[in-house]
Amino acid sequence: APSADQLLRDYESAIEARLDQFAQSRGYRHGDRLASYRGSSNATWAAEADRFIALREATWTKFISISADVRTGKRPMPTLDELLLELPVLTWDSNA
């Protein structure tokens, strides 16, 4: 059986893929490409980059918190599906 650290690394890859898919939903190749438009003179691209970056930061902040709790025994290891349900909802609507 994989160790907790290995599972968490696997979860990191799944989170990266989730974020990239979110960026791709607006036609960007991947999240890093989308984030590079922060401060763009194109208002739409800049707004999309800002939204993506905010969600990316919220996602990783939550994952780091969950990981720390797992590593210190404060909570059991979630399944990937359980983990994904705990992460911020990825939506372009900033009011969601």
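This passage describes the fold, the third helix and the nonpolar core of a predicted single-chain model.

In this predicted model, local features are reported at pLDDT of at least 70 and side-chain atom pairs at pLDDT 80 or more, whereas totals for chains, interfaces and linings use all residues. Residues are numbered from 1 along each chain as its sequence is written, and side-chain values rest on heavy atoms, with hydrogens and water left out.

The chain contains four helices and zero strands, where helices are DSSP runs of H or I of at least four residues and strands are runs of E of at least two, numbered from the N terminus. Along the sequence the elements accordingly read α-α-α-α, and the C-alpha atoms fill a box of roughly 50 × 25 × 20 Å along the principal axes. Of the 96 residues, 30% are buried, a term that denotes under 20% relative accessible area with a 1.4 Å probe and protein chains only, exposed being over 50% and partly exposed in between. Among contacts (heavy atoms within 4.5 Å) with a separation of 6 or more, 62% join residues 24 or more positions apart.

Helix α3 comprises 29 residues, 43-71, and its end C-alpha atoms lie 42 Å apart, which agrees with the 42 Å expected at 1.5 Å a residue, the expected span being 1.5 Å times one less than the number of residues. At the start of α3, a side-chain oxygen of Asn-42 comes within 3.0 Å of the backbone nitrogen of Thr-44, while just after the helix Gly-73 adopts a positive phi of about 80°.

Within α3 lies Thr-59, which is buried, with a relative accessible area of 0%. Leaving aside residues up to four places away in sequence, Thr-59 touches Ile-15, Arg-18, Leu-19, Leu-87, Pro-88 and Leu-90.

The largest nonpolar core, a set of buried Ala, Val, Leu, Ile, Met, Phe, Trp, Tyr and Cys residues joined through side-chain atoms within 4.5 Å, has 21 residues, and those with the most contacts inside it are Ile-15, Leu-19, Phe-22, Leu-34, Phe-52, Phe-63 and Leu-83. The elements that give two or more residues to this core are α1 (4-24), α2 (31-35) and α3, of which α3 gives the most, with eight residues. Phe-22, one of the residues with the most contacts inside the core, touches Phe-52, Leu-55, Leu-90, Thr-91 and Trp-92, again not counting residues up to four places away in sequence. In soluble globular proteins, nonpolar side chains tend to be buried together.

Key
A polar contact is a pair of N or O atoms within 3.5 Å; within protein, one must be able to donate a hydrogen and the other to accept it, and residues adjacent in sequence count only if both atoms are side-chain atoms.
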